[in-house]
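Hello,

Here is the structure we talked about handing over. Please have a look at it first; my notes follow below.

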Amino acid sequence: MNENLRLAIQKKGRLHDKSMQLLKSCGIEVENFQDRLFVSASNFNLDILFLRDDDIPEYVQDNVAHIGIVGENEMLEKGLAVKPVKQLGFGKCSLRLGIPEKDELKSIKDLENKIIATSYPKILNNFLDENKIKAKVIELSGSVEIAPSLGIADYICDLVSTGNTLKLNKLKKSFNILNSQAVLIQSEKFNLSPELKKIFNKLLLRIESSLKAKKSKYIMMNVPKDSLEQIIKIIPSLESPTVLPLSNKGLVAVHAVINEDKFWEINEDLKAAGASGILSMPIENIIL
Ligand code: ATP
Ligand code: ZN
């Protein structure tokens, strides 16, 4: 029997598109998935379940889905028997305290005896316990940011990326409780069959190569032959750079794969050393 690996992803919301893009970058094709709860990939042994993100940890724990993509915040808040397998580098946000603009929190100790509204009571209570602070945590399932102006809480603890929602509600960012991003999760209770394990390993390898590629750039430049040695020293290449002859005999072309952050760091040095026509291009996949 040919069993498919079942992956749960968010049906609609902030993680949906990036999760689908990740599959695409792994060469996995999924057609006509709009408005469906379940779909099979056309070229990989993978079934995809579209769920609310809140439900994903439980589905994975109970092996209804073998793996899932969910925010670390959601995984930790549910506190179920699932484990993170791989951080996926998207859906980045932080769970922070939000306080009225006019207030000042000098230290975490200032939270003592305050009322804090949140959708993440478990994570917040853990944080308060770790810091030995007694505060009252009230759970709200949405629109947490209006709690202070309604007078039902002093502060809030909510997911923040830009802080614009806080601003609209006359709140500002305070202490950071958790940095979160999307992760691939797996059940702690169930082991995959050997056949599914093979599919899982294949998928993981593709995910890893796609993540690596996203962080890398393919760079190309023309270099005077005399400066070649010096320029090669500047390039923090993944492997030895490629040097190609050009019709202009005094020049060679140098190609290399480097970390994206490094591109901006070395740009000036390359130019100063005589490189010209420096190009950088995205890479789809890197198989090492
Ligand atoms: P669902 O209908 O699936 O329950 P939701 O409304 O609970 O959706 P979204 O707002 O789509 O969830 O957020 C999903 C996840 O995206 C969050 O749990 C978090 O991990 C991540 N995320 C990234 N940036 C933000 C942000 N600025 N605010 C909230 N969540 C964010
Ligand atoms: Zn949700």
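**Domains**

The centres of domain 2 and domain 3 are 48 Å apart, taken over C-alpha atoms. Keep in mind that this is a predicted model. The domain assignment splits the chain into three parts. Domain 1 is made of 5-90 + 182-213, domain 2 of 93-180 and domain 3 of 216-282.

**Zinc ion and ligand 1**

Start with the metal. The zinc ion (ligand 2) has Asp53 (OD) and Asp54 (OD) as its protein donors. They lie 2.0 to 2.1 Å from the ion. The site has four donor atoms, with angles of 75 to 175° among them. It is irregular, because four donors count as tetrahedral only if all angles lie between 85 and 135 degrees, and as square planar only if opposite donors are over 155 degrees apart and all others between 65 and 115.

Asp54 is partly exposed, because its relative accessible area of 25% falls between the limits of 20% and 50%.

Now ligand 1. There are 15 residues around it. Arg14, Asp53, Asp54, Asn73 and Ser161 come nearest. Asp53 and Asp54 are thus on both lists: zinc donors and nearest residues of ligand 1.

Three polar pairs with ligand 1 are worth a look:

- Arg52: a side-chain N or O atom is 2.9 Å from an oxygen atom of ligand 1.
- Asp54: a side-chain N or O atom is 2.7 Å from an oxygen atom of ligand 1.
- Ser161: a polar side-chain atom is 2.7 Å from a nitrogen atom of ligand 1.

**Thr118 and Ser174**

Is Thr118 buried or exposed? Thr118 is buried, because its relative accessible area is 0% and the limit is under 20%. Thr118 sits in strand E7 (residues 115-118). Its side chain has two backbone partners to check. One is the backbone nitrogen of Tyr120, reached at 2.9 Å. The other is the backbone oxygen of Cys157, 2.7 Å from a polar atom of the Thr118 side chain.

Leaving out residues up to four places away in sequence, Thr118 touches Leu124, Val137, Ile138, Glu139, Leu140, Val144 and Cys157. Asp158 is 40 residues from Thr118 in sequence, yet their C-alpha atoms are 6.0 Å apart.

Ser174 belongs to strand E10 (residues 171-180). Ser174 is buried too, because 12% relative accessible area is under 20%. Its contacts, again without residues up to four places away in sequence, are Arg96, Leu97, Ile99 and Leu105.

**Two positive phi values**

Asp35 and Lys170 deserve a glance in your backbone checks. Phi of Asp35 is near 60°, a positive value in a residue other than glycine. Asp35 lies in the loop between helix H1 (16-25) and strand E2 (38-40). Asp35 is exposed, because its relative accessible area of 72% is over 50%.

Phi of Lys170 is near 60° as well, again positive and again not in a glycine. The place of Lys170 is the loop between helix H6 (164-168) and E10. Lys170 counts as exposed, because its 59% relative accessibility is over 50%.

**Ile283**

Last, the segment after strand E15 (276-282), where Ile283 is found. Which residues does Ile283 touch, not counting those up to four places away in sequence? They are Ala213, Ser216, Lys217, Tyr218 and Val257. Ser94 is 189 residues from Ile283 in sequence and 29 Å from it in space, C-alpha to C-alpha.

Best wishes

Note on methods
Residues numbered from 1 in each chain as written. Chains lettered and ligands numbered in written order. Predicted model: local features only at pLDDT ≥ 70, side-chain atom pairs only at ≥ 80, totals over all residues. Heavy atoms only, no water. Helix = DSSP H or I, 4+ residues; strand = E, 2+ residues; numbered from the N terminus. Buried < 20%, exposed > 50% of the residue type's maximum accessible area, 1.4 Å probe, protein only. Contact = heavy atoms within 4.5 Å. Donors = N, O, S within 2.8 Å, 3.2 Å for Na, K, Ca; no water. Tetrahedral: all angles 85-135°; square planar, octahedral: opposite > 155°, others 65-115°. Domains from an automatic or database assignment. Near = heavy atom within 4 Å. Polar contact = N/O pair within 3.5 Å; in protein donor to acceptor, adjacent residues only side chain to side chain.
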